[in-house]
Amino acid sequence: MYSHGSESLIKQAREIQESELQKFYSRLLKLLQAKEFGHETIDSLQRLHLILSATKYTRTLPTELQRRLLSLLSSPVEQLQVLSSAVLRETLPLSGQELNYNQDNSHTAALLLSQAGSRADLSSLCTQLIRSLENRQSDPPNHSLTHTLPIVNAILTHSPECLTEEHVTLLSKKLVDWLRYASITQGVGASSGGFFTGPRSRQPVPIAELDGTVSGDFFTVLCVGQGFTEDQWMNVFSFSMLRHWLLTYHSVPSGVPITDTANRLQLSFSLSHSHSFSNDDRSEFDSSVVSMVSATSSSSRLLSPKERVREKAFQYCLRLIEQSDRKAHKRTDTDLQKACLVEAVCILDCVCVEDTALVYRTFPCVKALFGRLSSDLTFARVLLPIAQFYLNHGEMAAVDCESVWKLVFSQFPAELFNDPFLAHELLRFLRLNHENLLLRVPQYTRSFPNLLKFLAWDSPAVVDDFVDLLPSLVTVETAVELLHTLLDLPCLSATLVLQLRSTSSPISEPSGRGLMSLDAFRNPALRGLFLYLLRTEAGSGDTIDRLSVLHELLAEAADWPRVVQCAQTVPVLLHIFFNTVLKVADENLLTHLMLVMLERSSLLLKLPTYIKEIHRVFSCHLLRLCKLHPSLVVNQSHELLEFAGTTANVYSKEEIFTHVVWALGEYLSVSCDSRCSVKLITSCFETLEAVLFEITSSSPPPGAARPAPRVVTTLMSALAKLASRSHDLIPRVSLFLSKLRTASRGGSVAWCSDEEDLVAIVTRGEELWSLLKTPGVAQSVLTPPAHVTTPQWHRDTNLSMPLQLRTLTSLTHTQ
């Protein structure tokens with residue numbers, strides 16, 4: 001929301017009259033014609049940008065004013081460049097002749113890109129940009145190319161097809177030169193100045209490493225100096241767009257001939273083993289980055305431009321990995337090392353996907369890097385690209401990946417669940433690779449108790465990720481425990497808060513300030529309950545018998561913001577869980593899940609809204625299970641009758657109770673399952689009859705809840721359905737319905753306070769009573785056969801319906 005002052009300014013900008021606007025244009029033009037620009041010019045440009053951006057239609061500026069704004073793009077004042085570019089982007093597109101494609105700043109490039117109205121405009125812009133690279137030698141000395149690559153990278157993002165094959169080849173050659181052959185001496189600024197201005201002080205100073213030593217190899221982004229030359233800056237820009245370039249233009253076609261692959265493998269081994277060494281020196285050679293780079297530098301000149309880019313990218317990344325092992329003097333340089341490591345491993349993964357021959361040359365280096373970093377969780381965001389590399393190439397290289405997956409699925413979520421950046425990147429890694437993880441990594445599906453810690457800690461930020469991930473975690477083996485874990489997510493959220501507080505708060509706190517739940521978390525006798533919630537892998541124990549104790553201990557966490565937010569996401573995930581489990585589960589698993597729903601409906605953390613939502617989800621999917629597999633009602637009739645026969649469930653679990661009663665009345669029938677006997681129908685009838693009699697024959701205590709009208713009508717309908725299948729029960733139903741009608745004539749009844757509800761209940765009772773007077777009709781109406789409930793007359797060739805439909809169809813087509 002805008003502040004009141006901002007809204008007022010926007011309103012004034014929208015309501016400005018044309019005459020006033022023209023006067024403003026004239027005043028601004030006079031300011032821009034002056035030799036120096038003051039604060040008034042800056043303020044006027046800001047106001048002009050507000051006027052242009054506040055209206056929904058695009059304006060056209062006067063020609064002279066537009067020309068002056070274009071000239072500001074080359075102003076030495078950065079603020080004027082920014083404002084002029086922003087203003088011009090809000091106007092109609094400029095013609096190609098009005099802009100100089102070789103302007104030496106990124107704001108001109110941004111303007112060109114924003115006003116490219118078609119692919120042809122972008123292609124023309126690409127041609128001009130590439131030409132500026134190709135004609136580099138004839139450019140003015142003060143011209144810089146550092147603004148060219150960012151705009152090229154932006155074009156790659158929006159419209160990569162604008163670059164022709166010729167453009168790609170030329171840029172590939174340029175990238176090779178910038179990446180591998182940048183100068184290794186410091187640029188302007190290396191001189192100390194002052195009195196020391198003699199010839200010795202102007203001698204070229206070599207580039208240094210982050211630890212201060214002189215760089216002994218080619219320049220990279222991890223080299224430092226007092227100043228950079230232009231080709232060194234181009235080296236930095238080239239590395240920043242290298243992965244994007246490789247992914248866009250260097251993908252290997254799917255139909256690579258086998259002979260070509262074999263030749264590349266042979267070349268890879270010959271290059272990697274071109275230097276003779278003994279078996280004792282093999283590991284030392286594998287870990288030597290410099291040896292790998294030097295072994296391939298001479299032969300790379302024989303490759304095509306695209307392959308040379310790939311080869312130089314490979315060499316560059318290996319050198320970065322070697323440089324990252326140096327101890328940086330500054331903390332910011334340490335962060336730079338981590339960022340470059342992430343990018344380097346991603347690029348190595350990219351080039352290995354394109355050319356599998358590079359896998360054997362890359363894996364020793366990546367493996368050594370993992371061994372160096374795996375014990376330090378501050379490098380977690382670097383270790384994720386390494387895990388991606390192992391996932392993509394570990395099987396081909398025949399390496400053991402167990403330690404990698406233990407780190408990713410065990411340590412990361414358990415110890416870094418409160419790191420939002422790691423959570424985002426790890427969950428993104430899982431989303432992009434869940435199919436491969438299911439096939440190759442058994443730990444993936446068993447790690448859901450650990451992975452769900454990210455959701456329990458910061459539900460709003462990661463719920464979208466788990467909406468995508470949850471179906472891949474649902475298997476026959478994990479379904480039951482996963483359902484329990486989802487229901488316990490609010491408890492897990494509270495436990496994670498307690499875990500962090502336990503490490504940061506003193507053991508003994510002043511009286512009255514401590515948390516009972518924190519004391520319980522520290523109590524060794526209760527520690528097992530919390531450790532089960534904090535488990536890292538599925539299948540390790542069960543706490544279902546002590547859940548009520550856990551919920552009492554965490555009662556004070558019911559209003560904690562993290563717990564409340566987490567509870568709000570559980571119903572969404574439960575819908576996804578049940579929709580998925582129906583696709584993979586057999587009848588035994590569905591039976592087990594039905595029992596879990598009945599059991600856990602009374603074992604939930606005491607959050608009223610949460611409990612109500614969970615009951616609604618259970619009701620919905622319990623009904624779906626019964627519709628898809630009616631035999632489940634007979635299989636679990638004992639448990640269902642025990643649930644429906646508990647009168648307290650009428651008030652505390654109205655939603656589930658109603659659906660259980662409906663399912664019993666609907667599917668306890670010989671037409672649904674031949675095992676359904678008269679004895680079972682009678683037993684169910686007597687159970688439901690007792691509940692209905694109890695809730696309608698006694699007055700509830702003052703302030704106590706009354707049975708919902710829907711519960712009463714559902715019980716009546718279920719009894720009528722059961723009686724229509726066993727006619728001996730009809731008199732008992734009819735007797736109750738007649739008493740109900742008689743009682744209602746005397747006015748209101750104690751168990752129903754609303755007159756309209758009572759009328760609806762009595763009306764339903766009279767309808768059922770009328771039906772039961774003719775048992776044959778009652779059975780047809782209350783338990784209709786399948787061909788009535790799911791008619792397919794349009795498919796039955798023995799009826800006239802298909803013929804009529806075909807006739808009508810032909811008539812409509814002829815008209």
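This section describes the fold, confidence, nonpolar cores and internal spaces of a predicted model.

The chain contains 815 residues, of which 46% are buried. Its secondary structure consists of 41 helices and zero strands. Of the contacts that link residues at least 6 apart in sequence, 73% connect residues at least 24 apart.

Confidence was examined along the chain. The average pLDDT is 82, and 82% of the residues reach a score of at least 70. Among the elements of the chain, the highest mean pLDDT, 97, belongs to helix 21 (residues 448-457), whereas the lowest, 31, belongs to helix 11 (residues 258-272). A pLDDT below 50 is found over residues 137-143, a stretch that makes six contacts in the model beyond near neighbours in sequence. Residues 190-199 also have a pLDDT below 50, and for this stretch six contacts beyond near neighbours in sequence are present in the model. Where pLDDT is low, predicted coordinates should not be interpreted in detail.

The nonpolar interior was considered next. In soluble globular proteins, nonpolar side chains tend to be buried together. The largest nonpolar core of the model comprises 213 residues. Within this core, the residues with the most contacts are Trp245, Phe412, Leu430, Leu489, Leu574 and Phe577. Helix 28 (residues 561-584) makes the greatest contribution to the core, supplying 11 residues. Another core, apart from the largest, has 25 residues, including Tyr25, Leu28, Leu80 and Val87.

The surroundings of one threonine were also examined. Thr495 lies in helix 24 (residues 489-504). With a relative accessible area of 0%, Thr495 falls under the 20% cut-off and is therefore classed as buried. When residues up to four places away in sequence are not counted, Thr495 touches Phe521, Phe530, Leu533, Leu534 and Leu554. One of these, Phe521, is separated from Thr495 by 26 residues in sequence, with a C-alpha to C-alpha distance of 8.0 Å.

Empty space was then surveyed. Rolling a probe the size of a water molecule over the atoms reveals where such space is left. The largest pocket encloses about 720 Å³. Its lining is formed by 23 residues, and those nearest the centre of the pocket are Arg243, Cys346, Pro385, Gln388 and Arg428. Two or more lining residues come from each of helix 10 (230-249), helix 15 (331-354), helix 17 (380-397) and helix 19 (420-440). Helix 15 gives the most to this lining, with seven residues. In terms of residue class, the lining of the largest pocket contains 12 nonpolar, four polar and seven charged residues.

Cavities were treated separately from the pocket. Across the whole structure, three cavities of 30 Å³ or more were found. The second largest cavity has a volume of about 60 Å³. Its lining consists of Phe685, Glu689, Leu692, Phe693, Met716, Leu719, Arg732, Val733, Phe736 and Leu737. At least two residues of this lining are supplied by each of helix 35 (678-697), helix 36 (709-725) and helix 37 (730-745). By class, the lining of the second largest cavity includes eight nonpolar and two charged residues, and no polar ones.

Conventions
Residues numbered from 1 in each chain as written. Predicted model: local features only at pLDDT ≥ 70, side-chain atom pairs only at ≥ 80, totals over all residues. Heavy atoms only, no water. 1 Å grid on protein atoms, 1.4 Å probe; cavity = no way out; pocket = protein on both sides within 12 Å on 5 of 7 lines; lining within 4 Å. Points joined across faces, edges and corners; volume = space filled by probe spheres on them. Helix = DSSP H or I, 4+ residues; strand = E, 2+ residues; numbered from the N terminus. Nonpolar A, V, L, I, M, F, W, Y, C, P; charged D, E, K, R; others polar. pLDDT = per-residue confidence, 0-100. Contact = heavy atoms within 4.5 Å. Core = buried A, V, L, I, M, F, W, Y, C linked by side-chain atoms within 4.5 Å. Buried < 20%, exposed > 50% of the residue type's maximum accessible area, 1.4 Å probe, protein only.
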